[in-house]
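Please open the model in a viewer and keep the selection panel at hand. The tour below proceeds from the whole chain to individual helices, loops and residues.

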Amino acid sequence: MPVVRMLRQALSQAMQSPCCGCRTSVVPVRFLGVSPRQVPVDANFHSASFSETDHPRVLITGGLGQLGVGLANLLRKRFGKDNVILSDIRKPPDHVFHSGPFIYSDILDYKNLREIVVNNRITWVFHYSALLSAVGEANVPLARAVNITGLHNILDVAAEHNLRLFIPSTIGAFGPTSPRNPTPDLCIQRPRTIYGVSKVHAELMGEYYHHRYGLDFRCLRYPGIISADSQPGGGTTDYAVQIFHDATKSGKFECNLKASTRLPMMYIDDCLRATLEVMEAPAERLSMRTYNVNAMSFTPEELAQEVLKHVPEFQITYHVDPVRQAIADSWPMNFDDSNARKDWGWKHDFDLPELVTTMLNFHGSDTRVAQAN
């Protein structure tokens, strides 16, 4: 078979001959489609550059969770409705479906992810698909699949198509041996939940892909996020959301954490703004890939006292959930986010009094709040 032999020789010579004089680092085999992509070791941090009139094309995975819909609304105001695609494996409510592009996306289906990125010319990805702390402990195999296997699919697609990738991390990425008050950006982590372990894995894999392949990876460690227009999603900090639902409906709330459990928290508007700001920050201003961000830190007792100022008949009782309490006791009491404030100018707008007023107003306590004010 002289023709086959000649083709083999030609292919062997082509593979042994560098196409340029620079040293290159080839991406993992999984990235290689019809034409191999090679990424220089010293690849620039930027994955894509945009002119003032050329907006990014955005995909949000896990978009029907606590943060996805709000982030889509913020980004659509900034970049245009049709440039931001919300995705999930669940059927969206009518108001979400009609507010802008929505598609089915299964992060465990690598081929499906590639098709979405290619067909929609995606340039930015916000990867929110994950099982939270308490839910993850109840179903570790599913949490491992979604939080780790899904992450690997996203990383590979992002590296293959030169995307800018945001993956949120969490206070749950720290453990009982971490300094708790305050907790700096760089310290011992060692979490004891599958959620926390998967988020440390995401931080390190994202940073590795950045240094190895030039992936434009950016990450924020969120504190507990409090939002008015979403239901609690199974997280350990979700008591700080449920308390407002119950305070306005019945005037009573049963807390599943001890009264003295201090945790860092943030109102959702601050969280979404921080996420957009770090994604838009010039590369030269970022000294690290993963930042802590924070706004306030309080206990259930302190939160209840603030609610009492607006709802005088409010009553709180405590029925401690040992699983959630053990998780909370291993987490930071306060975040040190000085690097975020120094590097890209992070500032929060909502402290505890503003948070409580905003949440109660949203849930129908306008009269009580107005009288208190």
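A residue counts as buried when its relative accessible area is under 20%, as exposed when that area is over 50%, and as partly exposed in between. By this criterion, 51% of the 373 residues in the protein chain are buried. The model is a predicted one.

**The whole chain**

Select the entire protein chain and display it as a cartoon. It contains 14 helices and 15 strands. Among contacts in the protein chain with a separation of 6 or more, 77% join residues 24 or more positions apart. Switching to a surface representation shows an accessible surface of about 17500 Å², and carbon and sulfur atoms contribute 53% of that area.

Next, colour by pLDDT. The average for the protein chain is 86, and 83% of the residues score at least 70. Residues 31-52 have a pLDDT below 50; this stretch nevertheless has 51 contacts in the model beyond near neighbours in sequence. A further selection, residues 365-373, also stays under 50, with 17 contacts beyond four places in sequence.

**Helix α2**

Select residues 68-79, which form helix α2. Its 12 residues, at 1.5 Å a residue, should span 16 Å, and the end C-alpha atoms are indeed 16 Å apart. Which residues of α2 are buried? They are Gly68, Leu71, Ala72, Leu75, Arg76 and Phe79. Viewed down the axis of α2, these buried residues fall within an arc of 135°, so they line one face of the helix. The general geometry is instructive here: an α-helix has 3.6 residues a turn, so residues three or four places apart point the same way.

Now add the elements that cover this face: the buried residues of α2 are covered by elements including β3 (58-61), β4 (84-88), β6 (124-127) and α9 (268-280). Just after the helix, Gly80 adopts a positive phi of about 105°.

**Helix α8**

Move to residues 239-249, helix α8, which is mostly covered, with eight of its 11 residues buried. The buried set comprises Tyr239, Ala240, Val241, Ile243, Phe244, His245, Asp246 and Ala247. Just after α8, Gly251 has a positive phi of about 75°.

**Cysteines**

Select Cys219 and Cys255. Cys219 is buried at a relative accessible area of 1%, and Cys255 is likewise buried, at 0%. How many disulfides does a search of the whole structure find? The search returns zero.

**Backbone features in the loops**

Select the loop between β8 (169-170) and α7 (194-213), where Pro182 lies. The peptide bond from Asn181 to Pro182 is cis, with omega near 0°. Arg190 is placed in the loop between β8 and α7 as well. Although not a glycine, Arg190 has a positive phi of about 50°. Is Arg190 buried or exposed? Its relative accessibility of 62% makes it exposed.

A further residue to select is Asn162, in the loop between α6 (140-160) and β7 (164-166). Phi of Asn162 is near 60°, again a positive value in a residue other than glycine. Asn162 is partly exposed, with a relative accessible area of 40%.

**Pro353**

Finally, select helix α13 (residues 352-362), in which Pro353 is found. Pro353 counts as partly exposed at 40% relative accessibility. To finish, draw a distance from its C-alpha atom to that of Val307: the two residues are 46 residues apart along the chain, and the C-alpha atoms are separated by 8.9 Å.

Note on methods: Residues are numbered from 1 along each chain as its sequence is written. This is a predicted model: local features need pLDDT of at least 70, side-chain atom pairs count only at pLDDT 80 or more; totals for chains, interfaces and linings use all residues. Side-chain values use heavy atoms; hydrogens and water are left out. A disulfide is a pair of cysteine sulfur atoms within 2.5 Å. Buried means under 20% relative accessible area, exposed over 50%, partly exposed in between (1.4 Å probe, protein chains only). Helices (H or I, at least four residues) and strands (E, at least two) are DSSP runs, numbered from the N terminus. The expected span of a helix is 1.5 Å times one less than its number of residues. The arc is that of the directions from the helix axis to the C-beta atoms. Contact means heavy atoms within 4.5 Å. Accessible areas come from the Shrake-Rupley method with a 1.4 Å probe; for residues, only the protein chains shown count as cover. pLDDT is the predictor's confidence in each residue, from 0 to 100.
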